[in-house]
Amino acid sequence: MEDIRTAKDVSAGKKLPDRGTGAGEMPTRVAVIGIVVENYDSADSLNEILHQYGQYVIGRMGIPYREKNINIISVAVDAPQNIISAMSGKIGRLPGVSAKTAYATV
């Protein structure tokens, strides 16, 4: 059984485990991460994080709000709880970026 990797492992280029709930695998949760980008200089770092966790991303939608000079992004994910928390935390630590997570009850 492969253990779940941390965000630090992802940064180091270690492969994340596959999704699923087979024997020996952690159950996954469905969640939406709401992201508000106020500092466009953080866009490259944000996209790198989303790429690192790409195997867990169901889909994403970005909306530029030009009147307020911000970008609003929603990312739907299906991953173990600790992976979602690590991803959201890493995103929220970027300068000028806010992230909040809402979990499905199923």
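**Exercise 1. The nonpolar core**

Task: For this predicted model, determine how many residues the largest nonpolar core has and which of them have the most contacts inside it.

Solution.
Step 1. The largest nonpolar core has 22 residues.
Step 2. Those with the most contacts inside this core are I35, L46, Y53, V75, V77, M87 and I91.
Step 3. Two or more residues of the core are given by each of β1 (29-37), α2 (43-52), β3 (70-79), α3 (81-92) and β4 (97-103).
Step 4. Among the contributing elements, α3 supplies the largest share, five residues.

**Exercise 2. Contacts of two leucines**

Task: State which residues L46 is in contact with, leaving aside its neighbours within four places in sequence, and then do the same for L50.

Solution.
Step 1. With neighbours within four places in sequence set aside, L46 is in contact with I35, V37, I73, I91 and L94. L46 is also among the residues with the most contacts inside the largest nonpolar core.
Step 2. L50 lies in helix α2. Under the same exclusion of neighbours within four places, L50 is in contact with V57, R60, V75, M87 and I91.
Step 3. The relative accessible area of L50 is 4%, and buried means under 20%, so L50 is buried.
Step 4. For a distance across the fold, take L50 and S88: they are 38 residues apart in sequence, and their C-alpha atoms are 9.9 Å apart in space.

**Exercise 3. Order of elements and pairing of strands**

Task: Give the pattern that the chain follows along the sequence, and find in which sense β1 pairs with β3 and with β4.

Solution.
Step 1. The chain contains three helices and four strands, and their order along the sequence is α-β-α-β-β-α-β.
Step 2. β1 pairs with β3 in the antiparallel sense over nine bridges. Within this pairing, I35 has I73 in β3 as its bridge partner; I73 is also one of the contacts of L46.
Step 3. β1 also pairs with β4, in the antiparallel sense over seven bridges. Here V32 has A102 in β4 as its bridge partner.
Step 4. β2 and β3 run antiparallel as well, joined by eight bridges. The bridge partner of G59 in β3 is A76.

**Exercise 4. The β2-β3 hairpin**

Task: Establish how many residues lie between β2 and β3 in their hairpin, and whether N69 is buried or exposed.

Solution.
Step 1. The hairpin formed by β2 and β3 has four residues between the strands.
Step 2. N69 lies in the loop between β2 and β3. Its phi is near 55°, a positive value in a residue other than glycine.
Step 3. The relative accessible area of N69 is 65%, and exposed means over 50%; therefore N69 is exposed.

**Exercise 5. Two further loop positions**

Task: Assign P27 and G54 to an exposure class, and locate each residue in the chain.

Solution.
Step 1. P27 is found in the loop between α1 (7-11) and β1. With a relative accessibility of 57% and a limit for exposed of over 50%, P27 counts as exposed.
Step 2. P27 and A79 are 52 residues apart in sequence, while their C-alpha atoms are 7.8 Å apart in space.
Step 3. G54 has its place in the loop between α2 and β2. Its relative accessible area of 34% falls between the limits of 20% and 50%, so G54 is partly exposed.
Step 4. The C-alpha atoms of G54 and V77 are separated by 9.0 Å, with the two residues 23 apart along the chain. V77 is one of the residues with the most contacts inside the largest nonpolar core.

**Exercise 6. The surface**

Task: Identify which residues form a nonpolar patch on the surface and which strand gives the largest share of it.

Solution.
Step 1. The patch consists of M61, I63, Y65 and I72, which together have about 350 Å² of accessible area.
Step 2. Strand β2 (residues 57-65) gives the largest share of the patch, three residues.
Step 3. Y65 has its place in strand β2. With a relative accessible area of 34%, Y65 is partly exposed.
Step 4. For the chain overall, about 6,500 Å² is exposed, and carbon and sulfur atoms supply 53% of it. Of the 106 residues of the chain, 33% count as buried.

How values were computed:
Residues are numbered from 1 along each chain as its sequence is written. This is a predicted model: local features need pLDDT of at least 70, side-chain atom pairs count only at pLDDT 80 or more; totals for chains, interfaces and linings use all residues. Side-chain values use heavy atoms; hydrogens and water are left out. Patches are made of residues with over 30% relative accessible area and no salt bridge: like charges are joined within 9 Å, nonpolar side chains (Val, Leu, Ile, Met, Phe, Trp, Tyr) within 5 Å. Accessible areas come from the Shrake-Rupley method with a 1.4 Å probe; for residues, only the protein chains shown count as cover. A salt bridge is a side-chain nitrogen of Lys or Arg within 4 Å of a carboxyl oxygen of Asp or Glu. Buried means under 20% relative accessible area, exposed over 50%, partly exposed in between (1.4 Å probe, protein chains only). A nonpolar core is a set of buried Ala, Val, Leu, Ile, Met, Phe, Trp, Tyr and Cys residues joined through side-chain atoms within 4.5 Å. Contact means heavy atoms within 4.5 Å. Two strands pair if DSSP finds at least two bridges between them.
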